[in-house]
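Hi,

Here is the structure I promised to pass on. Have a look at it first, and then read my notes below.

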Amino acid sequence: MQEYRVYVSQLRVGVFIRLDKPWYEHPFLFGSFKIKNQEQIDTLKELGFSTVICVPEKSDQLPKTTTSHCELTPRDQEGNGQEQAPSPTKALWDMKRERIERLKAQRDRLNRCEKRFEQTLDRVRNMMTNIGTAMPEVVEEANSMVGDMVASFLSDKDVVIHLMNSKSNQEEVCYHSLNTTVLGLLLGREHGLDAEALKKLGVALIFHDIGKQRIPKKILYKPTPLTTPELKLYNLHPTYGEEIVSARVPDFPDDAMKIISMHHETLDGTGFPAGIPGDRIPQLVRMASIADTYDNHCNKLDVNASMTPYQALSYMFGKQNKQLDRELVALFVRCLGIYPPGTVVILSNGCVGMVVAVNIKNSLRPSVLLYDRDVPKNEALVFDLEDDPELSIVKTIHPARLPAQVYDYLNPRMRISYFTDTPGTTDS
Ligand SMILES: [Fe+2]
Ligand SMILES: [Fe+2]
């Protein structure tokens, strides 16, 4: 049944409506919602709405039919002319203004986080450029960078994981190094690792794929499946990585070196390059391989073949449960939430949105960027589900299934990249 216009006087609880006014011209948090109580109907009247659009497919019941569907411009908005109750409209506007202020602060904060992400990415890019000529210095630089990250992770502040706006699928190595480092540190912190162990994990993850330098680019970026000889060569990259680092940085910690040489080994012994069984795979390596596996699933060379964050976690938990450490995967899910940033979701009020941030203390109630055709894209509402216990996520959908205008609005990323923020600290 198609949407149609109705008089406000026809409304009742359970009718899903859409307001045909821009978001900033009414005090409701959403431009479309299901009527919950009579007060909302009274508020609509008080605001001068005489008609609204009814969305039958999202309604629990249809509007009263005492009046036929209206033709527009009826004047029943004064509601019998009896305005005696204290107006709820002002309170609504106050709430909304406060929300707009918070949104602005949130947007500023996200911009600063994006800036720090770009700066960190630049540092990683420089490291990768200089690694051939000045490896010990580069490792020192990685130590200092990861040390800063660990210090902020271990502060008492909440850690919020943000989805970063990666515009391109290029420079795969830099993004992958930084992403796995952020993810590995998240998992390590949740597992209770101390600063020293976290630093080893983070630094090793920056360099874990360094052995790929010895693999020809035509193999690394081959769009079709590798042949058996090509695969054999590719599978040597962890060994090459160990050779490169041990030759140039003799004091590289042993625990960290194992991450480089063993990050593709699996608990069932089917991994590469050595097929080492699980009882000989140290915990730091298991953590590193979870971060690595997740990023590989979400960011494949062919963007269309990439899994959504939600699919990646489900796959790791289900299909890869003999290869990855189950308990650590469960912990990883707890960090990212079952709806990690980058997941496109449908909310219980029918809105479509994309998860853009997760507070790891309450990962089941993330922040969601909402699609609303009445709100300009650059002012899109980011709704924190922690603020509204009545709203929840009902399902996830693949971005490819979104209508074109919703896809453009939510702008699903070419790459899923994460960076963290600790609200309450001041940025320099
Ligand atoms: Fe690798
Ligand atoms: Fe990797």
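**What turned up**

Val173, Tyr221 and Leu301 together form a nonpolar surface patch of about 230 Å². Do keep in mind that this is a predicted model. Within that trio, Leu301 sits in the loop between helix H10 (283-298) and helix H11 (309-317). Leucine 301 has a relative accessible area of 42%, so it counts as partly exposed, the class between buried (under 20%) and exposed (over 50%).

Now for the metal site. Which protein atoms hold the iron ion (ligand 1)? The donors are Asp209 through OD, plus His237, His263 and His264, each through NE2, and they lie 2.2 to 2.3 Å from the iron. Along the sequence, these donor residues follow the spacing D-x27-H-x25-H-H.

The geometry is irregular, because the angles subtended by the 4 donor atoms around the iron ion (ligand 1) run from 87 to 176 degrees. A tetrahedral label would need all angles to lie between 85 and 135 degrees.

Asp209 also has a second partner: it bridges the iron ion (ligand 1) and the iron ion (ligand 2), with 3.6 Å between the two ions. As for the histidines, His237 is in helix H8 (residues 237-248), while His263 is in the loop between helix H9 (254-262) and H10, so this pair ties together parts that are 26 residues apart in sequence.

Are those two buried or exposed? His237 has 0% relative accessibility and therefore counts as buried. His263 is buried as well, at 3%.

Cheers

Methods
Residues are numbered from 1 along each chain as its sequence is written. Chains are lettered from A and ligands numbered from 1 in the order in which they are written. This is a predicted model: local features need pLDDT of at least 70, side-chain atom pairs count only at pLDDT 80 or more; totals for chains, interfaces and linings use all residues. Side-chain values use heavy atoms; hydrogens and water are left out. Patches are made of residues with over 30% relative accessible area and no salt bridge: like charges are joined within 9 Å, nonpolar side chains (Val, Leu, Ile, Met, Phe, Trp, Tyr) within 5 Å. Accessible areas come from the Shrake-Rupley method with a 1.4 Å probe; for residues, only the protein chains shown count as cover. A salt bridge is a side-chain nitrogen of Lys or Arg within 4 Å of a carboxyl oxygen of Asp or Glu. Helices (H or I, at least four residues) and strands (E, at least two) are DSSP runs, numbered from the N terminus. Buried means under 20% relative accessible area, exposed over 50%, partly exposed in between (1.4 Å probe, protein chains only). Donors are N, O and S atoms within 2.8 Å of the metal (3.2 Å for Na, K and Ca); water is not among the atoms, so sites may look incomplete. Four donors count as tetrahedral if all angles lie between 85 and 135 degrees; four count as square planar and six as octahedral if opposite donors are over 155 degrees apart and all others between 65 and 115; anything else is irregular.
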